[in-house]
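Reader: I am new to this structure and would like to know how its parts are named and judged. Could you walk me through it?

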Amino acid sequence: MTAKPLIGISGSHMIDGGGQFPGYHRSYVNHDYVRSVTEAGGIPLIIPFNEEDDVVEALMDRVDGLLLSGGHDVYPLLYGEEPCRQIGAVWPERDHFDMLLLKRAEARKIPVVGICRGLQIINVAHGGTLYQDLSKDPQSFVKHSQNQDPATATHTIEIDPQSRLASLLGRTEWVTNSHHHQTVHEVGQGLLVTARAKDGTVESLQGTGESYLMAYQFHPEMMSIHSKLARNLFVDFIKEAEVRHGNR
């Protein structure tokens, strides 16, 4: 039996607000990322946040694919802007961590998927910019931060019929969940917009190069617990990682 591909998932940390160890830092990712990779046939490996670049690079040399997870707002100085009043918590050190993961993955030409913040990191790393808050986008009218079950689909996205996403879903419209307040403004180099919400908000990006690069502003890892179509996105990713694994 061929060994399953190893998928690195970018980790975050949480800080205990009380209990026995108030202020204690814990490494984690939301379980939906782990579950979605596992169900699609991959082996999930949480890459814990740390500030030792050589450790990060050594870990990246061992994986067959990279999943950039969600989290904090991206540091606006990275794309040449001062923080607006509506911006949430930022974590510049994690921005560096995620961008190093992406840089190493792209250098190795292994498949990459970015989700929510992961999409935003990919866009900024490729020279793009963000709306720091949806209120800064004059065209935005859709509610993009839902207040209910994370897996529930709430708004429509319109998909480029020529895109990989359209071929995976077998449709050019889909209803997705939504949990964000920052969005793509200027699209980075080597990236193609493949889906937008009805208000024009970028919902999906695809790389234009030879390597597999897919990014979603919505959260397919949450939807995949109920949605076969959302699971298709992970199955496609893992299949690409299997090819990379087989070529090791």
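**The sheet and its helices**

Author: Gladly! In this predicted model, nine strands make an open sheet with mixed pairing, in the order β4-β1-β5-β6-β13-β12-β11-β8-β9.

Reader: What makes β4 and β9 stand at the edges?

Author: β4 (43-47) and β9 (173-176) each have a single partner strand, so one side of each is left without a neighbour in the sheet. From one strand to the next, the twist averages 20°.

Reader: How do you know that β5 and β6 pair?

Author: Pairing asks for at least two bridges. Three bridges join β5 (residues 65-68) to β6 (residues 112-115), so the two strands count as paired, and they run parallel. Within this pairing, Leu68 has Gly114 in β6 as its bridge partner.

Reader: Which strands does α3 lie across?

Author: Helix α3 lies across β1 (6-10), β4, β5, β6 and β13 (213-216). Its direction is at about 155° to β5; angles over 145 count as roughly antiparallel, so α3 is roughly antiparallel to β5.

Reader: Why is α2 called oblique to α3?

Author: Helix α2 (residues 53-60) and helix α3 (residues 92-108) pack at about 40°, with axes 10 Å apart. Roughly parallel would need an angle under 35 degrees, and roughly perpendicular starts at 65. The angle fits neither class, so α2 is oblique to α3. Their crossing is right-handed.

Reader: Which residues of α2 meet α3?

Author: Asp53, Val56, Glu57 and Met60 do, and their partners in α3 include His96, Phe97 and Arg104. By class, this contact has six nonpolar, one polar and four charged residues.

How values were computed
Residues are numbered from 1 along each chain as its sequence is written. This is a predicted model: local features need pLDDT of at least 70, side-chain atom pairs count only at pLDDT 80 or more; totals for chains, interfaces and linings use all residues. Side-chain values use heavy atoms; hydrogens and water are left out. Axes are lines fitted to C-alpha atoms, for helices over the stretch in contact, and angles run from 0 to 180 degrees between N-to-C directions. Helices (H or I, at least four residues) and strands (E, at least two) are DSSP runs, numbered from the N terminus. Angles under 35 degrees count as roughly parallel, over 145 as roughly antiparallel, 65 to 115 as roughly perpendicular and the rest as oblique. A crossing is left-handed if the near helix is turned anticlockwise from the far one by less than a right angle, and right-handed if clockwise. Contact means heavy atoms within 4.5 Å. Ala, Val, Leu, Ile, Met, Phe, Trp, Tyr, Cys and Pro count as nonpolar, Asp, Glu, Lys and Arg as charged, and the others, Gly among them, as polar.
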